[in-house]
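Me: I would like to go through this structure by question and answer, with the reasoning spelled out at each step. Please take the local backbone features before the overall architecture.

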Amino acid sequence: MKSRRKFIEKVAISTAGLSLVGWNSPNYLMHLHNPASKEPKLKVALMGLGSYANRVAKAMQQCNKAIITGLISGTPEKLETWGEKYNVPKESRYNYENFDAIASNPNIDAVYIITPNALHHGQTIRVAKAGKHVICEKPMAISAQEGKEMVDACKKAGVKLLVGYRMHFEPNTLEVVNMRKQGDFGKIDFFQGLSGFNIGDPNQWRLDKALAGGGALVDIGIYSINGARYMVGEEPIWVTAQETKTNPEKFKEGVDETIQFQLGFPSGAVASCLSTYAMNNLDKFFLNGAKGFAQLHPATGYGPIKGSTHLKALTEDHTPQQTLQMDAMADILLKGTEPAIPVNGEEGLKDLKIIEAIYKAVDQSKKITLTL
């Protein structure tokens, strides 16, 4: 099996050509509207046709407000296979060299970037310059500086930048946030987030600092970082952190294996979190307040998400998270709606600043003050 690096670096082959089903074909255009309301659907091009894009694509088949209308990949075989599977005409299939041509494609509103972390920055700026909205997988970038440049580029181009925070639309998660806002837990004192798994293939791009920008923290630990913020309902003002590395051959310089980190909030609430690539059976959130508690386990997996509070079990129905995410993002991009928990570029930038502070706290062995 070819490595991700080879896949990214291979010379892309142009897919330009005529399609049997073109942009103006009635059979194609009929898919671009919501049959229930006759409202236009969000027309989305997927960039990077790997395993997670496959999960997104499958989930989008249940969407009422979003549809796949474009594909971007460095692998011609994938473009052909996916194009046939999802009814994407040839002229809406692009490679990494020619995708700037989406600027003239009226059947693409937004591009969902699902490529290795280090590529997000440049690809986002190119998509923005093409005049299309950007949905970028987390982490948004590999540095806060890159994240800021992405936010600025999208503002300059007059397009929106969203980050693929699927948990922001998950019903049981939203119920806990709603209960906290209603005061059901009283003053929040403590949050615990455990995020991790035992990673496999040592040659994968997630263990390559140049492509990933780090290790477990940027990939899985970001769930506890982001979760601490929306569960507590405040922005952290300080961080401390400690790193443990048991396998330096697998987790090389700059690729963290396990980091424990603590966050402090203005109200006095604290968070204690664990991020790891070396342990399974984690994925837990616990929120404690003066009047009660909430717990989610699993908390951020693909679902169903399960949990309970001091008042009740959390029993909201499960729908694929990416289905909920993409329908909600369609409303954000087409109607200007505001989600209960933000998913904009500024939200992603805050997580990047916290990640950098955690790494700094590890390196300097001291408390780091945060300004978000």
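Me: Where in the chain does P139 lie?
Reply: The model is a predicted one, and in it K138 and P139 are joined by a cis peptide bond with an omega of about -10 degrees. As for its place among the secondary structure elements, P139 belongs to the loop between β5 and α6 (144-157).

Me: Which loop holds P298, and what is the omega of the cis peptide bond that joins H297 and P298?
Reply: P298 is found in the loop between β12 and β13. The peptide bond between H297 and P298 is cis, and its omega is about 0 degrees.

Me: Is N281 buried or exposed?
Reply: N281 sits in the loop between β10 (270-276) and β11, and its phi is positive, near 65 degrees, although the residue is other than glycine. Since exposed means over 50% relative accessible area, the value of 72% for N281 makes this residue exposed.

Me: How does N87 count in terms of relative accessibility?
Reply: N87, which is not a glycine, has a positive phi of about 60 degrees, and its place is in the loop between α4 (76-85) and β3. Buried means under 20% and exposed over 50%, with partly exposed in between. At 31% relative accessibility, N87 therefore counts as partly exposed.

Me: Which side chains of strand β11 point to the buried face?
Reply: In a regular strand the side chains alternate between the two faces of the sheet. Strand β11 (residues 284-289) shows this alternation, with K284, F286 and N288 pointing to a face where they are not buried. The buried ones, on the other face, are F285, L287 and G289.

Me: Which residue of β11 is the bridge partner of F190?
Reply: Strand β7 (residues 188-196) pairs with β11 in the antiparallel sense, over six bridges. Within β11, the partner of F190 is N288.

Me: How many residues lie between β11 and β12 in their hairpin?
Reply: β11 and strand β12 (residues 293-296) pair in the antiparallel sense over four bridges, and F285 stands opposite L296 of β12. The two strands form a hairpin, and the number of residues between them is three.

Me: Which are the edge strands of the nine-strand sheet?
Reply: This open sheet has mixed pairing and the order β14-β13-β12-β11-β7-β10-β9-β8-β15. The strands that pair on one side only are its edges, namely β14 (313-314) and β15 (368-369).

Me: What angle does the direction of helix α11 make with that of β8?
Reply: Strand β8 (residues 238-244) runs antiparallel to strand β9 (residues 258-264), and seven bridges join them, with Q242 standing opposite Q260 of β9. Helix α11 (residues 345-364) packs on the sheet and touches β8, β9 and β15, and the angle between its direction and that of β8 is about 60 degrees.

Me: Why is one side of β3 and of β6 left without a neighbour in the sheet?
Reply: Six strands form an open sheet with parallel pairing, in the order β3-β2-β1-β4-β5-β6. Because β3 (93-94) and β6 (161-163) stand at the edges, one side of each is left without a neighbour, and each has a single partner strand.

Me: Which residue of β3 stands opposite I72?
Reply: Strand β2 (residues 66-72) and β3 pair in the parallel sense over two bridges. Opposite I72, the residue in β3 is Y94.

Me: How are α3 and α10 oriented to each other?
Reply: Helix α3 (residues 51-60) and helix α10 (residues 321-335) pack with their axes 8 Å apart, at an angle of about 70 degrees. Angles of 65 to 115 degrees count as roughly perpendicular. The two helices, α3 and α10, are therefore roughly perpendicular.

Me: Which residues of α10 make the contact with α3?
Reply: By class, the contact has five nonpolar, three polar and one charged residues. From α3 the participants are Y52, R55, V56, A59 and M60, and from α10 they are Q322, T323, Q325 and M326.

Definitions and conventions: Residues numbered from 1 in each chain as written. Predicted model: local features only at pLDDT ≥ 70, side-chain atom pairs only at ≥ 80, totals over all residues. Heavy atoms only, no water. Buried < 20%, exposed > 50% of the residue type's maximum accessible area, 1.4 Å probe, protein only. Pairing = 2+ DSSP bridges. Axes fitted to C-alpha atoms, helices over the stretch in contact; angles between N-to-C directions. Parallel < 35°, antiparallel > 145°, perpendicular 65-115°, else oblique. Contact = heavy atoms within 4.5 Å. Nonpolar A, V, L, I, M, F, W, Y, C, P; charged D, E, K, R; others polar.
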